[in-house]
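Biologist: I would like to know how the descriptive words used for a protein model are justified. Could you show me one and go through the terms?

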Amino acid sequence: MTFENTKEFAQQLDAQDALNKYRDEFIFPKVNDKNVIYFTGNSLGLQPKRAKSYVDEVMNDWANLAVEGHFYADKPWWDYQERFAEPLSKIVGALPSEVTVMNTLTVNLHLLMVSFYRPTKTRYKIICEEKAFPSDQYMFQSQVHFHGYNPEDAIVEIKRRDGEHNIRTEDVLAKIEEVGDALALVLIGGVNYYTGQVFDMKTITAAGHKAGALVGWDLAHAAGNIKLELHDWNVDFAAWCSYKYMNSGPGNASGCFVHEKHHNNPELPRFAGWWGHNKERRFKMEPTFDPVHGADGWQISNLPVLSLAPYLASVEMFDEIGMDALIDKRDRITSYLEFILKEIDKEVDSSFEIITPSNPLERGCQLSVFLHGEGRALFDYLMKNGVITDWREPNVIRLAPVPLYCSFEDMYNFGQILKAGIIK
Ligand SMILES: Cc1ncc(COP(=O)(O)O)c(C=O)c1O
Ligand SMILES: Nc1ccccc1C(=O)C[C@H](N)C(=O)O
């Protein structure tokens, strides 16, 4: 499709966009009395208007039913997480029994590593990506330490080649083969938080298995953003936070995936709690743990229902729309933003280097832009003028035109503000 850098053209794309009406479902912060152009849904998604009524429902049930709400609320609290299974399984390409919601992302990755990182004297190494999100790096180091190994030896990072911004699949595969019999686990961010690069999860998962290792994915920047087929790709486990693309609210619960093939394995160690115990007999207060056969068997504590409520509102919205429609718009709006950046680049002295892969199959809805010749002052100018982006050292802004609530006209307007910020 050929694009034009005009307001009329952008408005025309909005008029043809079936998802445009969902913009009204979200609350936008305002700057100078105008809705902002929000590019940071990859950090914290906007609040869906319908989230409040889900929270109010729990507050009302708590007021009116108190302890009875666990079993007699319209949406009973004791198995509230089961309402996520169907819609969430479609978002990540899983069976409903393979997904659950609990805790937060780093906590869940630790808990899943209890089950899936079981190093032995000879097979103890973890492959991850260079410059993984810091929380993941701390997690790897502390897990390796906990098991009595040396992080310098046990953690193997896949590097970018000199002068390249993204990691090549062939380099991941070569590293897996090289580490071979010493490899216990591959655990990578499915979408890199800094560059927005999407990894070839299917191919890498198969290669990890071939080497005799288990394979997990941190899907913080992937869930609700890209097409996932976790079950079919034979991924062992995965976890994601819900406050980014899934719009569940700050610090909210994480989602987890555990492949069906691991559900009935009595050998698998895990850190247990009563909410993972056999559902029918949970309140019989039995002394021996009998896990639910499914991802729910990794639950530990009773559920933080008040915080799950807005997440449920959001997941149901995703279910209404479907990932295919979202991805369709995501590709169009991301390409339009890419086009706008290139157009503005021609009109100003500075130059923008998009470090995200240009192939739509290797990116979701994030463009990370190196601002050559510009500095933090430009970022500050954008923020003051109602464009919310984020800044990452040394000189990168990340732009996520989230298809649920960003418009094509936003992209056009952004281009004009960007140009004014440079030329001023
Ligand atoms: C890739 C990645 N891993 C881990 C985290 C940390 O998540 P949490 O603070 O919810 O544990 C984030 C975002 O904050 C992330 O982007
Ligand atoms: N939860 C947060 C709280 C405070 C500041 C940032 C975050 C993020 O989520 C950062 C995110 N992981 C990112 O890739 O930008």
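Modeller: What follows is a set of questions about the terms, with answers.

Modeller: This is a predicted model, in which local features need pLDDT of at least 70, side-chain atom pairs count only at pLDDT 80 or more, and totals for chains, interfaces and linings use all residues. Residues are numbered from 1 along each chain as its sequence is written, and side-chain values use heavy atoms, with hydrogens and water left out.

Biologist: Why are helix 12 and helix 13 called oblique to each other?

Modeller: Helix 12 covers residues 376-384 and helix 13 residues 408-423, and they pack at an angle of about 135 degrees with axes 10 Å apart. Helices are DSSP runs of H or I with at least four residues, strands are runs of E with at least two, and both are numbered from the N terminus. Axes are lines fitted to C-alpha atoms, for helices over the stretch in contact, and angles run from 0 to 180 degrees between N-to-C directions. Under 35 degrees counts as roughly parallel, over 145 as roughly antiparallel, 65 to 115 as roughly perpendicular and the rest as oblique. Helix 12 and helix 13 are therefore oblique.

Biologist: Which residues of helix 12 and helix 13 make the contact?

Modeller: Contact means heavy atoms within 4.5 Å. L378, Y381 and L382 of helix 12 meet F414, I417, L418, A420, G421 and I422 of helix 13.

Biologist: How do you know that C365 is not bonded to C406?

Modeller: A disulfide is a pair of cysteine sulfur atoms within 2.5 Å. The sulfur of C365 is 7.4 Å from that of C406, its closest cysteine sulfur, so the distance is too far for a bond. The structure holds zero disulfides. C128 is likewise in no disulfide, as the nearest cysteine sulfur, in C241, is 18 Å away.

Biologist: What makes C128 buried or exposed?

Modeller: Buried means under 20% relative accessible area, exposed over 50%, and partly exposed in between, with a 1.4 Å probe and protein chains only. C128 has 2%, so C128 is buried. C365, at 0%, also counts as buried.

Biologist: Where does N32 lie, and why is N32 called buried or exposed?

Modeller: N32 is in the loop between strand 2 (30-31) and strand 3 (34-35). Its relative accessibility is 61%, so N32 counts as exposed. N32 also has a positive phi of about 50 degrees, although it is not a glycine.

Biologist: What about N103?

Modeller: N103 sits in the loop between strand 6 (99-102) and helix 5 (105-116). At 32% relative accessibility, N103 counts as partly exposed.

Conventions. Chains lettered and ligands numbered in written order.
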